[in-house]
Amino acid sequence: MAQVAVHRETACGAAHSCADCAGCEKMMTRTENMVLAYNDAGANPGDMVTVRSENGNFFKTAAIVYILPLVLAVAFYIGATAMSLGSEGIRALCAGGGFVIGILLAVVWDRYMKKVSGLRFHIVEIKRACSGM
């Protein structure tokens, strides 16, 4: 296992360096994340490496975090409409409640994945060796 600093290239998804863009720079709160990765390539401290994640758990987590709250909001709104619950404001409140439940489930999932090391990263390539460190 190795601790790897993963640098975020852009916050907006554009193909440029965020260091050159004042808009992106203001939105970014943290430009690097520290992750533990399996050292499959035999990297040494200071090496610049390529890190890959295991896609199955990554996509499952992304779906839970980004899609589940929206799906629950729509489902709660449709459920409130089907049960003829009051005015449009009540239905919107039900949708908000579904969204909040989705966010809480995403937080619980995130804590579970951290506990069981569910998101696994692997060092797959040494891009630049740094033998002096």
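The following exchange goes through the core, the aromatic pair and the pockets of a predicted model.

Trainee: Which elements give two or more residues to the largest nonpolar core?

Mentor: The largest nonpolar core is made up of 7 residues in all, namely Ala-2, Val-4, Val-35, Ala-37, Ala-43, Val-49 and Ile-123. In soluble globular proteins, nonpolar side chains tend to be buried together. Two or more residues of this core come from each of two elements, strand S1 (2–7) and strand S2 (32–38).

Trainee: Which residues does Ala-2 touch, leaving aside those up to four places away in sequence?

Mentor: Ala-2 is itself one of the residues of the largest nonpolar core, as are Val-35, Ala-37 and Ile-123. With residues up to four places away in sequence not counted, the contacts of Ala-2 are Val-35, Leu-36, Ala-37, Asn-39 and Ile-123.

Trainee: What kind of aromatic pair do Trp-109 and Tyr-112 form?

Mentor: A search of the whole structure finds 1 aromatic pair, and its partners, Trp-109 and Tyr-112, both lie in helix H3 (residues 88–115), 3 residues apart, or about one turn of the helix. Their rings are 5.6 Å apart centre to centre, and with 45° between the planes the pair is classed as tilted.

Trainee: Why does Tyr-112 count as partly exposed, rather than buried or exposed?

Mentor: Buried means under 20% relative accessible area and exposed means over 50%, with partly exposed in between. Tyr-112 counts as partly exposed because its relative accessibility is 44%.

Trainee: Which element gives the largest share of the lining of the largest pocket?

Mentor: The largest pocket, with about 730 Å³ of space, is lined by 19 residues, and those nearest its centre are Thr-61, Asp-110, Lys-114, Leu-119 and Phe-121. S2, helix H2 (55–82) and H3 are the elements that give two or more residues to this lining. By class, the lining divides into 13 nonpolar, 3 polar and 3 charged residues. The largest share, 5 residues, comes from H2.

Trainee: How many residues of each class line the second largest pocket?

Mentor: About 440 Å³ of space lies in the second largest pocket, which is lined by 17 residues, with Val-4, Ala-5, Asp-47, Met-48 and Val-49 the closest to its centre. S1 and strand S3 (48–53) each supply at least two residues of this lining, and S1 gives the largest share, 6 residues. Val-4 and Val-49 also belong to the largest nonpolar core. Divided by class, the lining of the second largest pocket has 10 nonpolar, 5 polar and 2 charged residues.

Note on methods
Residues are numbered from 1 along each chain as its sequence is written. This is a predicted model: local features need pLDDT of at least 70, side-chain atom pairs count only at pLDDT 80 or more; totals for chains, interfaces and linings use all residues. Side-chain values use heavy atoms; hydrogens and water are left out. A nonpolar core is a set of buried Ala, Val, Leu, Ile, Met, Phe, Trp, Tyr and Cys residues joined through side-chain atoms within 4.5 Å. Buried means under 20% relative accessible area, exposed over 50%, partly exposed in between (1.4 Å probe, protein chains only). Helices (H or I, at least four residues) and strands (E, at least two) are DSSP runs, numbered from the N terminus. Contact means heavy atoms within 4.5 Å. Rings of Phe, Tyr and Trp (its six-membered ring) pair if their centres lie within 6.5 Å; planes under 30 degrees apart count as stacked, over 60 as edge-to-face and the rest as tilted. On a 1 Å grid over the protein atoms alone, a cavity is a set of points where a 1.4 Å probe fits but cannot get out, and a pocket is an open set with protein on both sides within 12 Å along at least five of seven lines; lining residues have an atom within 4 Å of a point. Grid points are joined across faces, edges and corners, and a volume is the space filled by probe spheres set on the points. Ala, Val, Leu, Ile, Met, Phe, Trp, Tyr, Cys and Pro count as nonpolar, Asp, Glu, Lys and Arg as charged, and the others, Gly among them, as polar.
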